[in-house]
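Biologist: I would like to learn how a modeller decides what to call things around a ligand. Could you take me through it slowly?

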Amino acid sequence: MLPAYLPNPIAALVGGGPPIDLGRNFTDGKRIFGDGKTFRGLIIGIFAGIGIGLVQIWVSGVYGWENLPQQTYLSITLLATGALLGDVCKSFFKRRLGKERGTKWPIADMYDLVAGALLMVLIFDPDWLFANMTLLIFVLILILTPVLHRGINIIGYHFRVKEVPW
Ligand code: CTP
Ligand code: MG
């Protein structure tokens, strides 16, 4: 899941510049995605996820990592892209509910990237998903995601990368 987990914190680190919705509103008069979703965050975040995936492919086979799911060029691309597309989709629905950028939306803020990443793999590389996903791994992802999400965001808040600790 590293290629899915890395894009968000990297987007928070490097984000800025023109927003993906170019400042435009949806039919309800509210922003489509909001200022928190930028091209820079999206693109560099995806490349970061693919980058860590390349490292995983490169080091697989050493240090007893043979037992871990074997990443492929396709799987790392889908996981990284899906994670940030899930994040953008989340923001779309968050805006529709009238929640301002950066406000808390408990479950959705945490699992958007998991849903996006796994959905992308399910659609475009189901063989990889079913070869590597077990119930145990899925449960571990569900437990690990909020822990990592909260932990990393608190660190980001302290280093003033994030404006809020969630
Ligand atoms: N970010 C970005 N581009 C993205 C995703 C994130 O630039 N595609 C950056 C933004 O600076 C954003 C920060 O990462 O403020 C934190 O991301 P996130 O918590 O997902 O965004 P929020 O600001 O909370 O906005 P939203 O309410 O839409 O989730
Ligand atoms: Mg947020």
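Modeller: Happily; we will go through the ligand, its contacts and the pockets in turn. This is a predicted model, where local features need pLDDT of at least 70, side-chain atom pairs count only at pLDDT 80 or more, and totals for chains, interfaces and linings use all residues. Residues are numbered from 1 along each chain as its sequence is written, chains are lettered from A and ligands numbered from 1 in the order in which they are written, and side-chain values use heavy atoms, with hydrogens and water left out.

Biologist: What makes a residue one of those that surround ligand 1?

Modeller: A residue counts as near if one of its heavy atoms lies within 4 Å of the molecule. By that rule 18 residues surround ligand 1, and the closest are Lys37, Thr38, Ser91, Arg95 and Arg101. Sorted by class, they are three nonpolar, seven polar and eight charged residues. Here Ala, Val, Leu, Ile, Met, Phe, Trp, Tyr, Cys and Pro count as nonpolar, Asp, Glu, Lys and Arg as charged, and the others, Gly among them, as polar.

Biologist: Why is the pair between Lys37 and ligand 1 called a polar contact?

Modeller: A polar contact is a pair of N or O atoms within 3.5 Å (within protein, one must be able to donate a hydrogen and the other to accept it, and residues adjacent in sequence count only if both atoms are side-chain atoms). A polar side-chain atom of Lys37 lies 2.7 Å from an oxygen atom of ligand 1, so the pair qualifies. The side chain of Asp87 has an N or O atom 3.1 Å from a ligand oxygen, so that pair qualifies too.

Biologist: How do you know that ligand 1 sits in the largest pocket?

Modeller: A molecule sits in a pocket if more than half of its atoms lie within 2 Å of the pocket's grid points, and ligand 1 does so in the largest pocket. A pocket is an open set of points on a 1 Å grid over the protein atoms alone, where a 1.4 Å probe fits, with protein on both sides within 12 Å along at least five of seven lines.

Biologist: What makes a residue part of the lining of the largest pocket?

Modeller: It must have an atom within 4 Å of a point. The largest pocket is lined by 45 residues, with Asn8, Ala11, Ala12, Asn153 and Lys162 nearest its centre. By class, this lining has 21 nonpolar, 13 polar and 11 charged residues.

Biologist: Which residues lie nearest the centre of the second largest pocket?

Modeller: They are Met1, Leu2, Gln56, Leu68 and Pro69, out of 22 lining residues. Its lining has 16 nonpolar, five polar and one charged residues.
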